[in-house]
Amino acid sequence: MAAGQWRIVLDEAHKALRTTAEGIPVDAWDLPTPCERWTVTQVLQHATGDQIAFAAAIVGGEGPTEDPFAPSGRIEGDKLTGLRAALDASARAWAGVADDDPQVRTPLPLGALPAQVGAVACALDAAVHAWDIAVATGQPSPLHDDLARPLLEVARQIVEPLRNYGAYAPALDAGAEADDVSALLSYLGRDPQWPGVRL
């Protein structure tokens, strides 16, 4: 990955999550998602909390008020206000990080990571949960090969330890002919065709 490319990846992932969340139909908030046992609302809460956690790790301040791994499934008021604020806070935090910073604090169990790894880990979270929401609510997939490629590169560096925490399901076999999007989703334990998805 070229120096500073992580900024492009992170920005695209943030836009994917924001756009997909804004496209959630009014009657779709309680629909099931590829995240087992979680509704669309819960995935949004989780994704929001993760972005807040990244921002707090980098610049300090308050972390998420709710455990991102135990989302309540209830959002009072405007359902998108919290996500927009979280994405803005995350973007501001990463804007203050040097392209080649070797040690950026993260909320991950792995601790501090090089900027391009930590930022793409943050992007991975946003982009994949954007996909979860999109396929659950009948929206187009926000993932494409050019985005999936750097996400998969970093996923292979950070995901295995996180599986022990239940953050990711066991990897699925994508097959030798899989494109980058299918390879990424399968590696993260997601069925690229959930349910009958057209990528």
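User: Which element gives the largest share of the lining of the largest pocket?

Analyst: In this predicted model, helix 4 does, with 5 residues. Helix 2 (40–59) and helix 5 (145–163) also give two or more residues to that lining.

User: What makes a residue count as part of a pocket lining?

Analyst: A lining residue has an atom within 4 Å of a point of the pocket. For the largest pocket, 31 residues line the space, and among those closest to its centre are His 46, Phe 69 and Tyr 168. The pocket holds about 800 Å³ of space.

User: How do you know that helix 4 has the span expected of a helix?

Analyst: Helix 4 runs over residues 115–136, which is 22 residues. The expected span is 1.5 Å times one less than the number of residues, so helix 4 should span 32 Å; its end C-alpha atoms are 32 Å apart, which agrees.

User: Why is helix 4 called mostly covered?

Analyst: A residue is called buried when its relative accessible area is under 20%. In helix 4, 21 of the 22 residues are buried, so the helix is mostly covered.

User: Which classes of residue make up the lining of the largest pocket?

Analyst: The lining has 21 nonpolar, 4 polar and 6 charged residues.

User: What is the make-up of the lining of the second largest pocket by class?

Analyst: That lining has 6 nonpolar, 6 polar and 6 charged residues. Helix 2 gives the most to it, with 5 residues, and the space in the second largest pocket is about 360 Å³.

Note on methods. Residues numbered from 1 in each chain as written. Predicted model: local features only at pLDDT ≥ 70, side-chain atom pairs only at ≥ 80, totals over all residues. Heavy atoms only, no water. Helix = DSSP H or I, 4+ residues; strand = E, 2+ residues; numbered from the N terminus. Buried < 20%, exposed > 50% of the residue type's maximum accessible area, 1.4 Å probe, protein only. 1 Å grid on protein atoms, 1.4 Å probe; cavity = no way out; pocket = protein on both sides within 12 Å on 5 of 7 lines; lining within 4 Å. Points joined across faces, edges and corners; volume = space filled by probe spheres on them. Nonpolar A, V, L, I, M, F, W, Y, C, P; charged D, E, K, R; others polar.
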